[in-house]
Amino acid sequence: MAEAGATPKTTRNDASVEEFLAGVADPRRRADAQALCELMEQVTGQPPVMWGGAIVGFGQYRYEYASGRTGDWPAVAFSPRKQNLVVYLAEGFADDAALLARLGPVTTSKACLYVKRLADVDTAALRELVSSGFTLVHGKTITS
């Protein structure tokens, strides 16, 4: 994310999502990433798009901060990191305690959901989180 006029480091690009996911070294993480990609595409109705070199995003929103910082970011996204699948939801999880309780063994930070194994989480709860996160920001401009 960049100051006004600067170029953000992580931007939407034309790299192949299929090639990126096929290149995930760990076979279990690769299978989980491919399944999560399919789930997020079904839930959002948007095609997967690469953002930077390691984030797969669906939809888009624009952010504008009081400091003048602006940019575009995927409405929902994920990245198959070495330790976890990281699901990015811009609005975070403050209002999602019941869904998180149903989800299973995950951890969260402000806008990230960390999943060790996709098979260990409640897929219906994950679909609800992705859907609500997507609906809150897709196609909108978020200001702070």
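Is Thr123 buried, partly exposed or exposed? With a relative accessible area of 40%, Thr123 falls between the 20% and 50% cut-offs, so it counts as partly exposed. Bear in mind that this is a predicted model. Below is a quick tour of the pocket, an aromatic pair, the nonpolar core and a few single residues.

**The largest pocket**

- Rolling a probe the size of a water molecule over the atoms shows where empty space is left.
- Here, the largest pocket comes out at a volume of about 370 Å³.
- Its lining is made up of 19 residues, and Tyr61, Tyr65, Ala90, Glu91 and Ala111 are the ones nearest the centre.
- By chemistry, the lining splits into 13 nonpolar, three polar and three charged residues.
- Three strands, β4 (61–64), β7 (85–89) and β10 (141–143), each put at least two residues into this lining.
- β4 gives the largest share, with three residues.

**Aromatic pairs**

- A pair of aromatic rings is described by the distance of the centres and the angle of the planes.
- Searching the whole structure turns up two aromatic pairs.
- In the pair formed by Trp51 and Trp73, the ring centres are 6.1 Å apart and the planes sit at 55 degrees, so this pair is tilted.
- These two tryptophans link distant parts of the chain: Trp51 belongs to strand β2 (residues 49–51) and Trp73 to strand β5 (residues 70–73), with their positions 22 residues apart.
- Trp51 is buried, at a relative accessible area of 2%, and Trp73 is buried too, at 14%.

**The nonpolar core**

- In soluble globular proteins, nonpolar side chains tend to be buried together.
- The largest nonpolar core in this model holds 41 residues.
- Leu36, Met40, Phe78, Leu103, Leu113 and Leu126 have the most contacts inside this core.
- Helix α4 (residues 123–137) brings the largest share of the core, six residues.
- Phe78 has a long contact list once residues up to four places away in sequence are set aside: Leu21, Ala33, Leu36, Cys37, Met40, Ala54, Ile55, Val56, Phe58, Val86, Val87 and Tyr88.
- Two of the partners of Phe78, Leu36 and Met40, are also among the residues with the most contacts inside the core.

**Back to Thr123**

- Thr123 sits in helix α4, the helix that supplies six residues of the core.
- Along the chain, Thr123 and Leu36 are 87 residues apart, yet their C-alpha atoms are 9.7 Å apart in space.

**Cys112**

- Look for Cys112 in strand β9 (residues 112–115).
- Cys112 has a relative accessibility of 13%, so it counts as buried.
- Ignoring neighbours within four places in sequence, Cys112 is in contact with Val86, Val87, Tyr88, Phe93 and Thr107.
- Val86, Val87 and Tyr88 are on that list, and they also touch Phe78.
- Between the C-alpha atoms of Cys112 and Gly133 there are 11 Å, for residues 21 apart along the chain.

**Asn84**

- Asn84 is in the loop between β6 (76–80) and β7.
- What does 15% relative accessibility make Asn84, buried or exposed? Asn84 counts as buried, because 15% is under the 20% cut-off.
- Not counting residues up to four places away in sequence, Asn84 touches Arg29, Ser79, Tyr114, Val115 and Lys116.
- Asn84 and Val106 are 22 residues apart along the chain, with 9.5 Å separating their C-alpha atoms.

Note on methods
Residues numbered from 1 in each chain as written. Predicted model: local features only at pLDDT ≥ 70, side-chain atom pairs only at ≥ 80, totals over all residues. Heavy atoms only, no water. 1 Å grid on protein atoms, 1.4 Å probe; cavity = no way out; pocket = protein on both sides within 12 Å on 5 of 7 lines; lining within 4 Å. Points joined across faces, edges and corners; volume = space filled by probe spheres on them. Helix = DSSP H or I, 4+ residues; strand = E, 2+ residues; numbered from the N terminus. Nonpolar A, V, L, I, M, F, W, Y, C, P; charged D, E, K, R; others polar. Phe/Tyr/Trp six-rings, centres within 6.5 Å; stacked < 30°, edge-to-face > 60°. Buried < 20%, exposed > 50% of the residue type's maximum accessible area, 1.4 Å probe, protein only. Core = buried A, V, L, I, M, F, W, Y, C linked by side-chain atoms within 4.5 Å. Contact = heavy atoms within 4.5 Å.
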